[in-house]
Amino acid sequence: MAGSSDLDENLADKDFVWKTYQNGFKVQGTKIIADGSPQGKTAYFSQPYLTPVPDCKKDCRGLPSISQDALNEMFAKAYKHDNQLFIHNNGDGATDMIIKAHEYAVKKTGQAADKDRRTVPIHAQFARPDQLEAFKNIRCYRHFLPIMPIFGVMCMCKI
């Protein structure tokens, strides 16, 4: 997968081939990092963490790794070029950002909201039921990481 900072350059490169195997290698799409990890208290949530966050005194909800405006534009550009997106996200705040970016891109490109783009939110460990329903309606293919809640249960049970 091409990195998000490489999207413009890769889309403009006429020699760059997407979604086709060449010598056993295929570049399927673009990966975007929307937030961090719950264990590191950098996953972006809609509500503050319940346990202390180092170097944070108030409204400690983690941090998005990209602004909403930048994410919106990346989605619009990827949708316009039929480029599949893989978005690393953990917290429900980052999941909200993904849904908003999808809505923005659909409006900007004039494409159907439920077009089969195979957009993949990766991890989505703390997606809320309303977000799971939204993913279903917009045909996002969630990739959950089920071992992380078990492995990091001591950290996550109090988040």
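## Questions and answers on this structure

Reader: Which label does R61 earn with a relative accessibility of 24%: buried, partly exposed or exposed?
Author: Happy to help; please keep in mind that this model is predicted. A buried residue would be under 20%, and an exposed one over 50%. With 24%, R61 falls in between, so the label is partly exposed.

Reader: With which residue does R61 form a salt bridge?
Author: Side chains of opposite charge can pair when their charged atoms come close. For R61, the closest N and O atoms of the pair are 3.4 Å apart. The partner is partly exposed, at 48% relative accessibility. R61 forms this salt bridge with D59.

Reader: How many residues apart in the chain are E73 and K108?
Author: These two side chains form a salt bridge, 2.8 Å from N to O. E73 is in helix α2 and K108 is in helix α3, so the pair links distant parts of the chain; E73 is also partly exposed at 34%. The separation along the chain is 35 residues.

Reader: Why does the pair of R139 and D116 tie together separate parts, and how many residues lie between those parts in sequence?
Author: The two residues form a salt bridge, with 3.7 Å between the closest N and O atoms. R139 is partly exposed at 34%, and D116 is partly exposed at 31%. Because R139 is in the loop between α4 and β5 while D116 is in the loop between α3 and β4, the pair joins parts whose distance in sequence is 23 residues.

Reader: How many salt bridges does a search of the whole structure find?
Author: Some of the charged residues are linked in a network of salt bridges, made up of D92, D96, R128 and D130. The search of the whole structure gives a total of 10.

Reader: Which element gives the most residues to the largest nonpolar core?
Author: That core has 27 residues, and I32, L71, F75, Y79, L85 and I87 touch the most other members. Two or more residues come from each of α1, α2, β3, α3 and α4. With 7 residues, the element that gives the most is α3.

Reader: How many residues are in the other core?
Author: This core lies apart from the largest one. Among its members are A43, F45, Y49 and C60. Its residue count is 5.

Reader: Is P52 buried or exposed?
Author: P52 sits in the loop between β2 and α2. Its C-alpha atom is 9.0 Å from that of K41, which is 11 residues away along the chain. Exposed means over 50% relative accessible area, and P52 has 74%, so the word for P52 is exposed.

Reader: What kind of charge does the surface patch with D13 carry?
Author: D13 lies in the loop between α1 and β2, and at 34% relative accessibility D13 counts as partly exposed. D6, E9 and D15 gather with D13 in this patch. The charge of the patch is negative.

Reader: What share of the protein is buried?
Author: The protein has 6 helices and 5 strands. Along the sequence they follow the pattern β-α-β-α-β-α-β-α-β-α-α. Out of 159 residues, the buried share is 43%.

Methods:
Residues are numbered from 1 along each chain as its sequence is written. This is a predicted model: local features need pLDDT of at least 70, side-chain atom pairs count only at pLDDT 80 or more; totals for chains, interfaces and linings use all residues. Side-chain values use heavy atoms; hydrogens and water are left out. Patches are made of residues with over 30% relative accessible area and no salt bridge: like charges are joined within 9 Å, nonpolar side chains (Val, Leu, Ile, Met, Phe, Trp, Tyr) within 5 Å. Accessible areas come from the Shrake-Rupley method with a 1.4 Å probe; for residues, only the protein chains shown count as cover. A salt bridge is a side-chain nitrogen of Lys or Arg within 4 Å of a carboxyl oxygen of Asp or Glu. Lys and Arg count as positive and Asp and Glu as negative; His and the chain ends are not counted. The place of a charge is taken as NZ of Lys, CZ of Arg, CG of Asp or CD of Glu. Helices (H or I, at least four residues) and strands (E, at least two) are DSSP runs, numbered from the N terminus. Buried means under 20% relative accessible area, exposed over 50%, partly exposed in between (1.4 Å probe, protein chains only). A nonpolar core is a set of buried Ala, Val, Leu, Ile, Met, Phe, Trp, Tyr and Cys residues joined through side-chain atoms within 4.5 Å.
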